[in-house]
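Good morning. I'll take a few minutes on one structure, going from the overall fold to the pockets and then to some local details. Please have the model open while I talk.

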Amino acid sequence: RFVGLAVAIETVLGLLLALFCARELRGVRFLRTTLIVPMVITPVVVAIVFRLIYATDAGMLTAVSERLGGDPVQILSDPTKAFLGLVALDVWEWTPLMFLIILAGLQSLPVEPFEAAKVDGAGAWRMFWDHTLPMLKPVVAIAIVLRTIDAFGTFDQVFVLTRGGPGEATRLISIFGYDTAFKFQLVGYASALFITVGLLVLGVALVAARLLRRVETA
């Protein structure tokens, strides 16, 4: 659930940001540089920062809420909010990766189809739907596969932020495997679990590679 939701949001946001930053507007170069900052920060540092933001007693959200006359904001103690807070952290940190990959794909597209579409009087939406998106599908698919593989291994952020709690709300497969191996001393079971996950991810990558070949040869 975490991987699907986070990767979907990151893909949409990355595509929108790439489409905006592909245009030569004033300040776009500075925006491009700013957007990649979250990706280069150490995941542990990102988790610590978000823990300070989400903290009920002295967090940034609580401070803003109390300044506006509201109650303390409880995120890490609520299962649903903690899960969504973890997704928000992941989206903030890794949307830049999707943005960079898709932006590189956009900048490598041939200009001839777009010039012909302009001559035919096609609007921006029609050019995107008929030309940009079809030609960009392989790039987007590669970005999704890479990010999905990486998302399955998310550990540092969860361990620092929630350690899998509250309850089982943010207990990802990586945290479950860690607890199984080091807390419950079931090393063999944890090893089998991680091998299974690795084979599953490998299978997803192989299927995606076949689909990409079909798209390229179509």
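Of the 218 residues of the protein chain, 36% count as buried. Keep in mind throughout that this is a predicted model. The C-alpha trace of the protein chain spans about 65 × 50 × 25 Å along its principal axes. What is the secondary structure content of the protein chain? There are eleven helices and zero strands, so the pattern along the sequence is written simply as α-α-α-α-α-α-α-α-α-α-α. Contacts are counted here at a separation of 6 or more, and 65% of those in the protein chain are between residues 24 or more positions apart.

Now a helix pair. Helix α7 covers residues 112-119 and helix α8 covers residues 124-152. Their axes come within 10 Å and cross at roughly 175°. Angles over 145 degrees count as roughly antiparallel, and that makes α7 roughly antiparallel to α8. Which residues make the contact? On the α7 side they are P113, F114, A117 and K118, and on the α8 side M127, H131, T132 and M135. Sorted by class, this contact of α7 with α8 has five nonpolar, two polar and one charged residues.

On to the pockets. The largest pocket holds about 630 Å³ of space. It is lined by 17 residues, and the closest to its centre are L19, A22, L106, F114 and T132. Two of those names have come up already: F114 and T132 are also among the residues in the contact between α7 and α8. Which helices supply at least two residues each to this lining? They are α1, residues 2-21, α6, residues 79-107, and then α7 and α8. Of these, α8 gives the most to the lining of the largest pocket, with five residues. By class, the lining of the largest pocket divides into twelve nonpolar, two polar and three charged residues.

The second largest pocket holds about 150 Å³ of space. Its lining can be given in full: R1, F2, V3, F83, A151, F152, E168, A169, R171, L172 and I173. Here α1 and α8 each supply at least two residues. The class split for this second lining is eight nonpolar, no polar and three charged.

Let me stay with one residue from that list, V3. V3 sits in helix α1. Is V3 buried or exposed? Its relative accessible area is 16%, and the cut-off for buried is under 20%, so V3 counts as buried. Setting aside neighbours within four places in sequence, V3 is in contact with T148, A151 and F152. A151 and F152 are both in the lining of the second largest pocket, along with V3. L172 is another residue of that lining. V3 and L172 are 169 residues apart in sequence, but the distance between them in space is 9.3 Å, C-alpha to C-alpha.

The other partner of V3 is T148, which is found in helix α8. T148 is buried as well, with a relative accessible area of 15%. Again leaving aside neighbours within four places in sequence, T148 is in contact with V3 and V7.

Last, the backbone details, beginning with the loop between α9, residues 156-161, and α10, residues 173-183. P166 lies in that loop, and the peptide bond from G165 to P166 is cis, with omega near -5°. R163 is found in the loop between α9 and α10 too. What is notable about phi of R163? Phi is near 55°, a positive value in a residue other than glycine. R163 has 58% relative accessibility, and therefore counts as exposed, since the cut-off is over 50%.

There is another such case, Q185, where phi is near 60°, again a positive value in a residue other than glycine. Q185 lies in the loop between α10 and α11, the latter being residues 187-217. At 57% relative accessibility, Q185 also counts as exposed.

That is the end of my list. I'll take questions now.

Notes:
Residues are numbered from 1 along each chain as its sequence is written. This is a predicted model: local features need pLDDT of at least 70, side-chain atom pairs count only at pLDDT 80 or more; totals for chains, interfaces and linings use all residues. Side-chain values use heavy atoms; hydrogens and water are left out. Axes are lines fitted to C-alpha atoms, for helices over the stretch in contact, and angles run from 0 to 180 degrees between N-to-C directions. Helices (H or I, at least four residues) and strands (E, at least two) are DSSP runs, numbered from the N terminus. Angles under 35 degrees count as roughly parallel, over 145 as roughly antiparallel, 65 to 115 as roughly perpendicular and the rest as oblique. Contact means heavy atoms within 4.5 Å. Ala, Val, Leu, Ile, Met, Phe, Trp, Tyr, Cys and Pro count as nonpolar, Asp, Glu, Lys and Arg as charged, and the others, Gly among them, as polar. On a 1 Å grid over the protein atoms alone, a cavity is a set of points where a 1.4 Å probe fits but cannot get out, and a pocket is an open set with protein on both sides within 12 Å along at least five of seven lines; lining residues have an atom within 4 Å of a point. Grid points are joined across faces, edges and corners, and a volume is the space filled by probe spheres set on the points. Buried means under 20% relative accessible area, exposed over 50%, partly exposed in between (1.4 Å probe, protein chains only).
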